[in-house]
Amino acid sequence: MGEFEAAYAALAAVPALEPKVRHLVALAVSASVTHLHAPGVREHTRAALAHGATPAEIVETLQLTSVLGVHALTTGVPLLAESLRRRGRYPAADDPRIEPLKADFTRRRGYWDAGWDDLLTLDPAYFAAYTRYSAVPWETGTLPPKVKEFIYIAIDASATHMYADGLRVHMDNALD
């Protein structure tokens, strides 16, 4: 083994997370829509199972990973809102569904971030459907909340996504 390979092996061996969690996090990155690396999905699924993950935890990891697509909306909707405001066409926030939907998201997901405000105001029906969809692994899954946040952090920090707004939210959630 050459010097570079030995140095990489030593770096990779530093135990940042327990092996099961490390492979669940790597599975999430490999399975994310911005990366989608099938050999990594297979490798980390096998390794997570070998380190004690259950099939339900594998599915839960993939469910958590699937919400990454909403970042296209959380990036684009504020730009749309800005354009609507400049034109005086932003809707009044008097829709009676808004506050109950915000409370429902907070109850089901455990946090609220102001970045959701425009999406909620512009399309309450979509926001309600997204809340239901994204809450499933939080309400039915078995992974600890901190591990779920690690999964979100990993996919937001991956070189193929690099979503700083999500990183901030999910790092804060993990620390809390």
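When I call a residue buried, I mean that its relative accessible area is under 20%, whereas exposed means over 50% and partly exposed lies in between, with a 1.4 Å probe and protein chains only. By that standard threonine 65 is buried, because its relative accessible area is 5%. Before going further, I should say that this is a predicted model, in which local features need pLDDT of at least 70 and side-chain atom pairs count only at pLDDT 80 or more, while totals for chains, interfaces and linings use all residues. Residues are numbered from 1 along each chain as its sequence is written, and side-chain values use heavy atoms, with hydrogens and water left out.

Let me stay with threonine 65, which lies in helix α4; helices here are DSSP runs of H or I with at least four residues, strands are runs of E with at least two, and both are numbered from the N terminus. Which residues does threonine 65 contact, leaving aside its neighbours within four places in sequence? They are Ala28, Ala31, Ser32, Ile151 and Ile155, where contact means heavy atoms within 4.5 Å. Looking from the other side, isoleucine 151 touches Val25, Ala28, Thr61, Leu64, Thr65 and Leu143, again not counting residues up to four places away in sequence.

That brings me to the core. In soluble globular proteins, nonpolar side chains tend to be buried together. A nonpolar core is taken here as a set of buried Ala, Val, Leu, Ile, Met, Phe, Trp, Tyr and Cys residues joined through side-chain atoms within 4.5 Å. The largest such core has 31 residues, and within it Trp116, Phe127 and Ile151 touch the most other members. Two or more residues of this core come from each of α2 (19–31), α4 (55–66), α6 (98–109), α7 (117–122), α8 (124–140) and α9 (145–157), and α2 gives the most, with 6 residues.

Now to the charged pairs. Side chains of opposite charge can pair when their charged atoms come close. The structure holds 9 salt bridges, each being a side-chain nitrogen of Lys or Arg within 4 Å of a carboxyl oxygen of Asp or Glu. In one of them, the side chains of glutamate 60 and lysine 148 meet at 3.0 Å, N to O, and this pair links distant parts of the chain, with glutamate 60 in helix α4 and lysine 148 in helix α9, 88 residues apart. Both glutamate 60 and lysine 148 are buried.

Another bridge joins arginine 97 to aspartate 95, with the closest N and O atoms 2.6 Å apart, and arginine 97 counts as partly exposed because its relative accessibility is 42%. Further along, arginine 168 and aspartate 165 form a salt bridge at 3.0 Å, N to O; the two lie 3 residues apart in helix α10, about one turn of the helix. Is arginine 168 buried or exposed? At 52% relative accessibility it counts as exposed, whereas aspartate 165, at 46%, counts as partly exposed. Elsewhere, Asp104, Arg107, Arg108 and Glu139 are joined into one network by salt bridges that share partners.

Two loop residues deserve a careful look at their backbone. Leucine 36, in the loop between α2 and α3, has a phi near 35°, a positive value in a residue other than glycine, and leucine 36 is exposed, with a relative accessible area of 61%. Methionine 162, in the loop between α9 and α10 (164–175), is likewise not a glycine and has a positive phi of about 45°; methionine 162 is exposed, at 62% relative accessible area.

By contrast, glycine 40, in helix α3 (residues 38–50), is buried, because its relative accessible area is 4%. The C-alpha atoms of glycine 40 and alanine 93, which are 53 residues apart along the chain, are separated by 45 Å.

Finally, the record. An unreviewed UniProt entry annotates residues 7–66 as "domain: Carboxymuconolactone decarboxylase-like", and such annotations may be inferred rather than shown by experiment. In this model, that span is 73% helix and 0% strand, with its end C-alpha atoms 34 Å apart. Tyrosine 8, in helix α1 (residues 3–12), counts as exposed because its relative accessibility is 54%.
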